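Have a look at the chain below and keep it in view while you work. The exercises after it start with the whole fold and then zoom in on single residues.

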Amino acid sequence: SSVIDGKKHRDVGVKFVVDGIGYDELYRLVGNAKGTFVFKATMLEDAGDEVRNGVQKMLASFQVK
């Protein structure tokens with residue numbers, strides 16, 4: 001959890017398997033007076049470092065104006 005520009009942020013990671021295929025889901029939840037906003041990214045569990053780093057950069061850049 002962190003606070004950026006007065007808005008609370010929480011990053012959450014979830015691992016799950018569907019039909020024998022592993023996935024990682026990353027969420028960023030941002031709250032303000034108007035509600036809670038969610039950014040969600042899903043990738044294969046064995047995604048390469050390039051994909052994983054790109055997803056993490058997108059997640060970190062998600063902000064509510």
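What follows is a set of exercises on this predicted model, each with a worked solution.

**Exercise 1. Work out how many helices and strands the chain has, and in what order they come.**

Step 1: Count the elements. You should find one helix and four strands.

Step 2: Walk along from the N terminus. The elements run β-β-β-β-α, so the helix comes after the strands.

Step 3: Put a box around the fold. Taken along the principal axes, the C-alpha atoms fill roughly 40 × 25 × 15 Å.

**Exercise 2. Describe the surface and the contacts of the chain as a whole.**

Step 1: Start with burial. The chain has 65 residues, and 25% of them count as buried; the cut-off here is under 20% relative accessible area.

Step 2: Now take the exposed area. The chain exposes about 4,700 Å², and 54% of that comes from carbon and sulfur atoms.

Step 3: Finish with contacts. Take the ones between residues at least 6 apart in sequence: 27% of these join residues at least 24 apart.

**Exercise 3. Tally the charged side chains and find how many salt bridges the structure holds.**

Step 1: Count the charges. There are 10 positive and 9 negative side chains.

Step 2: Compare where the two sets sit. Their centres lie 13 Å apart.

Step 3: Look for pairs. Side chains of opposite charge can pair when their charged atoms come close. In this structure there are four salt bridges.

**Exercise 4. Find the partner of Asp11 in a salt bridge, and say which strands the pair connects.**

Step 1: Follow the side chain of Asp11. It meets the side chain of Arg28 in a salt bridge, with N to O at 2.8 Å.

Step 2: Place both residues. Asp11 belongs to strand S2 (residues 7-18) and Arg28 to strand S3 (residues 21-32), so the pair ties together parts that are 17 residues apart in sequence.

Step 3: Check how covered each one is. Asp11 is partly exposed at 42% relative accessibility, while Arg28 is buried with 6%.

**Exercise 5. Do the same for Lys40 and its salt bridge.**

Step 1: Find the partner. Lys40 forms a salt bridge with Glu25, and the closest N and O atoms are 3.8 Å apart. That fits the cut-off of 4 Å for a salt bridge.

Step 2: Place the pair. Lys40 lies in strand S4 (residues 35-44) and Glu25 in strand S3, so parts 15 residues apart in sequence are tied together.

Step 3: Look at exposure. Lys40 counts as partly exposed at 48% relative accessibility, whereas Glu25 is buried at 10%.

Step 4: Keep going along the salt bridges. Those that share partners join Lys15, Asp24 and Arg52 into one network, and that takes us to the next exercise.

**Exercise 6. Decide whether Asp24 is buried or exposed, and list what its side chain pairs with.**

Step 1: Locate Asp24. You'll find it in strand S3.

Step 2: Read its accessibility. With 4% relative accessible area, Asp24 is buried.

Step 3: Take the first partner. Asp24 and Lys15 meet in a salt bridge of 3.1 Å, N to O. Lys15 itself is exposed, at 62%.

Step 4: Add another partner. The side chain of Asp24 also makes a polar contact of 2.9 Å with the side chain of Arg52.

Step 5: Widen the view. Leaving aside neighbours within four places in sequence, Asp24 is in contact with residues including Val14, Ala41, Met43 and Leu44.

**Exercise 7. Say what is unusual about the phi of Asp19, and where Asp19 lies.**

Step 1: Recall the general rule. Most residues other than glycine have a negative phi.

Step 2: Check Asp19. Its phi is near 50°, a positive value in a residue other than glycine.

Step 3: Place Asp19. It lies in the loop between S2 and S3 and counts as exposed at 77% relative accessibility.

**Exercise 8. Describe the surroundings of Arg10.**

Step 1: Arg10 is in strand S2 and is partly exposed, with a relative accessible area of 47%.

Step 2: Not counting residues up to four places away in sequence, Arg10 touches Ser1, Tyr27, Arg28 and Leu29.

Step 3: Compare Arg10 with Arg52. The two are 42 residues apart along the chain, and 18 Å separates their C-alpha atoms.

Methods: Residues numbered from 1 in each chain as written. Predicted model: local features only at pLDDT ≥ 70, side-chain atom pairs only at ≥ 80, totals over all residues. Heavy atoms only, no water. Helix = DSSP H or I, 4+ residues; strand = E, 2+ residues; numbered from the N terminus. Buried < 20%, exposed > 50% of the residue type's maximum accessible area, 1.4 Å probe, protein only. Contact = heavy atoms within 4.5 Å. Areas by Shrake-Rupley, 256 points an atom, 1.4 Å probe, with all protein chains shown as cover. Lys, Arg positive; Asp, Glu negative; His and termini not counted. Charge placed at Lys NZ, Arg CZ, Asp CG, Glu CD. Polar contact = N/O pair within 3.5 Å; in protein donor to acceptor, adjacent residues only side chain to side chain.
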